[in-house]
Amino acid sequence: MSTTTRRPPEPTSLTIADDARAVLERAREEGIATVWDRLRAQQPQCGYCSLGVSCTNCSMGPCRIDPFGEGPQRGVCGADADVIVARNFGRSIAAGASAHSDHGRDILEVFAATAEEETTGYEIRDEAKLHALATELGIATEERSALEIARDLADALQEDFGTRKDAISLLDRVPEVRRELWRQLAVTPRGIDRENVEMLHRTHMGVDNDYTNILLHGLRTSLADGWGGSLVATELSDVLFGIPQPVMSKVNLGVLDAAQVNIALHGHNPLLSDVIVQAAQDEELVAMATEVGATGINLVGLCCTGNELQMRKGVPMAGNHLMQELIIMTGALDAMVVDYQCIMPSVTDIAKCFHTEVISTADKARFPGATHISFDPHRGLEIGREIVRRGIVAYGNRNPDRVLLTAEPVEMMAGFSVEAILAALGGTPDPLVDAIASGKIRGAVGVVGCNNPKVIQDGGHVTLTRRLIENDILVLVTGCSAIANGKAGQMVPEAAEMAGEGLREVCQALGIPPVLHMGSCVDNTRIIVLAAALANHLGVDVSQLPLAGAAPEWYSEKAISIGAYVVASGISTVLGVQPPIFGSMNVVKLLAEDLDGVVGARFAVEPDPERAAVWIRRHLEEKRAGLGLPAHDLDTITAPAAAAAAASHV
Ligand code: BF8
């Protein structure tokens with residue numbers, strides 16, 4: 001299956017994680033191509049596409065702009081580099097926002113069906129959150145049953161996806177000063193679907209030919225994700241499955257157990273995985289597993305479906321994005337259940353070399369070579385049982401001689417919803433505000449996003465996070481970043497020892513890690529909701545707070561949407577992988593400089609996590625000074641002499 005004749009690189013240059021390196025050795029020995037091999041086979045990647053100056057939006061093209069100024073400077077339609085780059089970037093935001101928002105809609109539809117008592121395996125597990133959301137939307141709760149309230153809430157949120165409104169429902173959480181700014185800029189999100197559709201319209205040939213106007217609508221589109229579709233997904237998942245609370249769990253490939261039936265739950269949506277967790281406890285199925293010689297049924301998570309389960313139930317986490325092929329190559333995985341997003345089409349190819357059954361479950365996400373079991377919430381539990389049964393049968397096909405499990409799992413703590421963080425603080429943000437004001441904590445940073453094979457796996461997340469906590473900066477993580485930091489042992493309360501003196505003291509007093517797991521990628525909403533709550537508490541705008549975002553290893557269009565809504569919400573964000581915008585210096589200037597004067601935040605690009613840490617530290621100190629808080633002299637904040645250079649191995 002090898003796709004390249006050049007000698008593959010050493011696993012140590014591809015990932016910092018020992019569990020991954022051991023399996024990559026097997027891939028080399030057996031000639032099984034992975035994502036890293038396919039990336040090498042693609043070299044050199046298209047320079048026009050990397051700069052964002054190629055356009056396939058219409059059939060007068062495809063077109064490209066010569067970045068050296070010698071060849072064509074206009075596409076066939078007349079679009080220049082600015083317009084082409086902005087259109088491409090805008091479409092990426094819309095694709096990412098659509099992915100999150102469609103996920104939110106799926107949760108909402110099951111929530112609505114549950115309110116009508118049409119589902120099996122689902123219930124309203126958090127009535128307090130249901131009441132809080134209903135009250136926020138002006139829905140009566142007095143002397144009404146949970147199901148009655150849920151029906152009205154479902155109706156109100158369904159309206160947010162597309163009918164005629166001036167603004168979506170949950171914006172009251174945002175400080176008034178920022179909402180006013182959004183109104184002035186005409187970027188207030190009106191409908192979750194509407195902004196995506198309008199972005200596709202605007203970027204059709206011959207509609208919006210002003211790159212600034214396109215990018216402003218990009219912010220609006222992303223805000224419809226962050227304060228709309230993703231927020232609906234987070235909030236209703238909490239109502240259906242419970243608000244996450246701190247929980248101990250384990251992480252890395254060592255969570256697989258050679259003695260048990262191993263089933264990995266991969267993708268993003270907690271709907272099916274929640275009923276699979278229920279099904280795996282079914283006595284009949286546990287007995288069936290014993291009959292085939294296993295000691296039990298072991299469910300493990302991958303990517304964000306894994307994050308959802310780990311946050312709420314402590315389900316062990318097998319790995320992040322770049323582990324999805326490697327987990328199959330352990331020879332110990334009996335079934336991989338996938339829903340949607342971030343699931344490589346290659347998993348079914350790799351599964352052919354082993355006994356693993358890949359089971360797809362979403363009708364909108366089919367995988368040739370997988371067994372498809374269509375998810376239907378009306379028969380949720382029954383489908384969950386059927387999937388677990390298939391995993392048990394697949395266990396019978398496992399070749400024990402092919403099992404390669406070398407890693408010891410690492411402990412990690414998850415479950416830091418906003419509610420859990422406030423509870424840890426004693427019910428009010430005051431202790432956190434005081435710690436920031438006194439300088440014990442310099443600020444807080446969301447380190448989020450993916451793995452990307454262009455970056456040594458986990459290296460960006462772990463190095464950046466480590467430098468930040470060493471310098472008394474509280475780190476909030478989601479998505480694949482949470483998993484990377486968990487594997488590195490940075491997410492247990494004892495990791496406070498790695499932190500600077502001030503952060504260490506606060507973490508030890510509260511019994512929390514210096515790196516807090518806030519959930520899956522739709523749960524980046526928890527970070528902006530917390531930021532808005534802090535700003536409201538202090539009577540300032542979000543952009544005045546000592547906060548930043550970072551996505552050191554991002555790859556996905558969803559990450560572009562997240563970055564855009566974080567910046568539009570007032571939090572500057574550093575990207576570790578270059579986005580395809582450098583073919584237009586006007587677009588670069590707008591996103592990396594001018595946006596600061598418009599929304600009080602901007603993007604930066606810095607592949608070296610050591611330098612990214614310096615950029616963030618300086619940024620936080622500037623914000624502290626702006627608030628009149630004690631601030632360090634910026635000249636004292638510099639990169640270590642031997643800054644790690646090798647962010648990219650390509
Ligand atoms: O939504 S961090 S690789 S798994 S896109 Fe995907 Fe990126 Fe991981 Fe979760 Ni988010």
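This tour proceeds through a series of selections in the viewer and states what is found at each.

The model is predicted; local features need pLDDT of at least 70, side-chain atom pairs count only at pLDDT 80 or more, and totals for chains, interfaces and linings use all residues. Residues are numbered from 1 along each chain as its sequence is written, and side-chain values use heavy atoms, with hydrogens and water left out.

**Stop 1: strand 5 and its partners**

Select residues 297–302, which make up strand 5. Helices (H or I, at least four residues) and strands (E, at least two) are DSSP runs, numbered from the N terminus. Six of the six residues of strand 5 are buried, so the strand is largely enclosed by the rest of the structure. Here buried means under 20% relative accessible area, exposed means over 50%, and partly exposed lies in between (1.4 Å probe, protein chains only).

Display the side chains next. In a regular strand the side chains alternate between the two faces of the sheet. In strand 5, Ile297, Leu299 and Gly301 point one way, while Asn298, Val300 and Leu302 point the other way.

Add residues 261–267, which form strand 4; six bridges join this strand to strand 5, and the two run parallel. Two strands pair if DSSP finds at least two bridges between them. Within this pairing, Leu265 stands opposite Gly301. Then add residues 317–319, strand 6, which is joined to strand 5 by two bridges and also runs parallel to strand 5. The bridge partner of Leu302 in strand 6 is Gly319. From strand 5 the chain crosses through helix 12 (residues 303–313) to strand 6 in a right-handed β-α-β crossover. A crossover is right-handed if, with the strands pointing away from the viewer, the path from the first strand over the helix to the second runs clockwise.

**Stop 2: strand 14 and its partners**

Move to residues 547–551, strand 14, where five of the five residues are buried, so this strand too is largely enclosed by the rest of the structure. Leu547, Gly549 and Ala551 point one way, and Ala548 and Ala550 the other. Select residues 443–447 to bring up strand 11, which runs parallel to strand 14 and is joined to strand 14 by four bridges. Val447 has Ala550 as its bridge partner in strand 14.

Strand 15 is joined to strand 14 by three bridges, again in parallel, and Ala550 stands opposite Val574 of strand 15. Strand 14, helix 22 (residues 557–568) and strand 15 make a right-handed β-α-β unit.

Stay in strand 15 (residues 573–575) and select Thr573. Thr573 counts as buried, at 4% relative accessibility. Leaving out residues up to four places away in sequence, its contacts (heavy atoms within 4.5 Å) include Gly549 and Ala550, as well as Arg602, Phe603 and Ala604.

**Stop 3: Gln490**

Select Gln490, in the loop between helix 19 (479–487) and helix 20 (501–510). Is this loop residue buried or exposed? Gln490 counts as buried, at 1% relative accessibility. Beyond its neighbours within four places in sequence, Gln490 is in contact with residues including Val462, Thr465, Arg466, Pro514 and Val515. For a distance check, choose Leu516: 26 residues separate Gln490 and Leu516 in sequence, and their C-alpha atoms are 9.4 Å apart.

**Stop 4: salt bridges**

The structure holds 53 salt bridges. A salt bridge is a side-chain nitrogen of Lys or Arg within 4 Å of a carboxyl oxygen of Asp or Glu.

Begin with Arg21 and Asp18, whose closest N and O atoms are 3.9 Å apart. Both residues lie in helix 1 (residues 18–30), three residues apart, about one turn of the helix. Arg21 is partly exposed, with a relative accessible area of 22%, whereas Asp18 is exposed, at 60%.

Next select Arg38 and Glu325, a salt bridge with closest N and O atoms 2.7 Å apart. This pair links distant parts of the chain, with Arg38 in helix 2 (residues 35–41) and Glu325 in helix 13 (residues 324–328), 287 residues apart. Arg38 is partly exposed, with a relative accessible area of 28%, while Glu325 counts as buried, at 1%.
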